[in-house]
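Visitor: I am new to this structure and would like a close look at a single part of it. Please take the metal site and what lies around it, and go through it step by step.

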Amino acid sequence: MTLRPLLLATLLASPLCHAAPVWLSIGDDGYRLLKQLAPASLSSAQHSLRNDSGLQASQRSLATSTETVHLVQVDDSLLPALSEAIHQQQRHCGGYMVHTSLASARQSVTASARSSLAAPVAAPDYTLRQQARVNALLPQLQESNLLATIGSLSAYQNRFYTTSHGVNAANWLYRHWQQLASRRSDIKVEQVSHAGYPQKSVIVTIPGRSKATEVVVLGAHLDSTIGNTSENSRAPGADDDASGVATLTEVIRVLAAANYQPQRTLKFMAYAAEEVGLRGSGDIAARHKKQKANVVGVLQLDMTNWQGSAEDIYLYTDYTNAAQNAFVAKLVSTYQPALKVGYDKCHYGCSDHASWHQQGYAATLPFESRFSDYNPHIHTSGDTLANMGNQAAHALKFARLALSYAVELGQDGSTAAR
Ligand code: BES
Ligand code: ZN
């Protein structure tokens, strides 16, 4: 397990300009990488817990059954490089989760957190009953709009969570989503600030008419990275994850224009700071849990526009909910019968769905390809629309899936269409 020398040299030479301490929970493999990356940073506080049945399921998969989960304090500026190193290590080396304190790191790992595993919410009725409505809306989704949003987001120099460009891109998305909802006084568009960094998340809320306390979340991350990202690094992040944000945006546009009013509350979320440890979504999911929010389902769209494998849509089976995954597979076979569904795993908490899963909510990650076939340009300056053939046909499949998810779960499954 060795790092590419170039990466290591860059890391050691790079000044840690915006360092802030955070706590990581990390498996043995990731911990070994971290020691290679920054031996000095590990001299301070650290704790280890055996990965036995006392660990919560989401954390158990950070490490194998004979391994240890380490709780380590590091500077957050190391995280992009750590993610990069994890990816380079044959792409299955184990992941990490970021926590703001030792207490919350411990809480997420130890048995005391197991109560949060029990789903706080009863599983919804997953029967499909909205065929007429969904089929009327599907043709309104346009590939040209997906292309335009991916183009706008990837035109920012980068969307890193600490740079001026990352702040500007998040502000642009806020204004764009406001415009899409401007004819609807019932729709709320808000920016969410996070402690410790300037990039804000964006949330669009379409309030439910009869079951407003039941919430359906559709998410994507708005930040981008090239690993060791600084103010003017070029990190277009067209697939990772402008594609997911564009997918959400097109669904918001169509639902708002159709004056769609769900029974349950729909929340569309573009998360800040995913690339540095799921931080925006971690914050937002923790707030929902703290408020005992009744989140009935979460759909995460991260990388939707690179068809790397034979099947069209891959459902990732780790850090997700099996019953909801089956529902999502049924959405594909019902509304896009020509498409093929495959299954795979990240083997670590690879995107924002893991933040919700960790809080006990049912999450699903429909992904562009098998894990071994994902877009090879991500986390480089080559993650561009041009390198995806200037098309968004693959992302359009995910927009159709997301719209069918929003409408089927947005209505209360137990009541007929009204
Ligand atoms: N979009 C990726 C996750 C991904 C990459 C999923 C390839 C499947 C295949 C995401 O933006 C990302 O880079 N996540 C980090 C992990 C996170 C905890 C920092 C990663 O995978 O290193
Ligand atoms: Zn990424």
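Guide: In this predicted model, the zinc ion (ligand 2) is coordinated by Asp240 through OD, by Glu275 through OE, listed twice, and by His379 through NE2, at 2.0 to 2.3 Å. The site has 6 donor atoms, and the angles among them run from 58 to 157 degrees. Six donors count as octahedral if opposite donors are over 155 degrees apart and all others between 65 and 115. With an angle as low as 58 degrees, the site of the zinc ion (ligand 2) is irregular.

Along the chain, the donors follow the spacing D-x34-E-x103-H. Glu275 sits in the loop between β8 (264-271) and α10 (279-290), while His379 sits in the loop between β13 and α13. These two residues are 104 residues apart, and the pair links distant parts of the chain. The relative accessible area of Glu275 is 7%, so Glu275 is buried. For His379 the value is 10%, so His379 is buried too.

Asp240 has a feature of its own. A cis peptide bond joins Asp240 to Asp241, with omega at about 5 degrees. Asp241 belongs to helix α9, which covers residues 238-257. As background, most peptide bonds are trans, and most residues other than glycine have a negative phi.

Two residues depart from the second of these habits. Lys292, in the loop between α10 and β9 (294-300), has a positive phi of about 55 degrees although it is not a glycine. Tyr319 also has a positive phi, near 60 degrees, and is likewise a residue other than glycine. Tyr319 is found in the loop between β10 (313-316) and α11 (322-335). Their surroundings can be compared through accessibility: Lys292 has a relative accessible area of 71% and is therefore exposed, whereas Tyr319, at 4%, counts as buried.

The loop that holds His379 can be followed further. This loop, between β13 (366-367) and α13 (393-410), also holds Phe371. The ring centres of Phe371 and Tyr348 are 6.2 Å apart and their planes stand at 85 degrees; planes over 60 degrees apart count as edge-to-face, so this pair is edge-to-face. Tyr348 lies in the loop between β11 (341-344) and α12 (353-358), so the pair ties together parts that are 23 residues apart in sequence. Both Tyr348 and Phe371 are buried. The protein has 8 aromatic pairs by this rule, and ring pairs also link Tyr126, Phe327 and Tyr405 into a cluster.

Trp306 is another residue to look at here. Trp306 lies in the loop between β9 and β10. Its C-alpha is 9.4 Å from that of Phe367, although the two residues are 61 apart in sequence. Apart from its neighbours within four places in sequence, Trp306 is in contact with several residues, including Asp239, Glu368, Asp373, His377 and His394.

The whole chain gives the setting. The protein has 13 helices and 13 strands. Of its 418 residues, 59% are buried. Among contacts between residues at least 6 apart in sequence, 84% join residues at least 24 apart. The accessible surface comes to about 15300 Å², and 52% of it belongs to carbon and sulfur atoms.

How values were computed: Residues numbered from 1 in each chain as written. Chains lettered and ligands numbered in written order. Predicted model: local features only at pLDDT ≥ 70, side-chain atom pairs only at ≥ 80, totals over all residues. Heavy atoms only, no water. Phe/Tyr/Trp six-rings, centres within 6.5 Å; stacked < 30°, edge-to-face > 60°. Helix = DSSP H or I, 4+ residues; strand = E, 2+ residues; numbered from the N terminus. Buried < 20%, exposed > 50% of the residue type's maximum accessible area, 1.4 Å probe, protein only. Contact = heavy atoms within 4.5 Å. Areas by Shrake-Rupley, 256 points an atom, 1.4 Å probe, with all protein chains shown as cover. Donors = N, O, S within 2.8 Å, 3.2 Å for Na, K, Ca; no water. Tetrahedral: all angles 85-135°; square planar, octahedral: opposite > 155°, others 65-115°.
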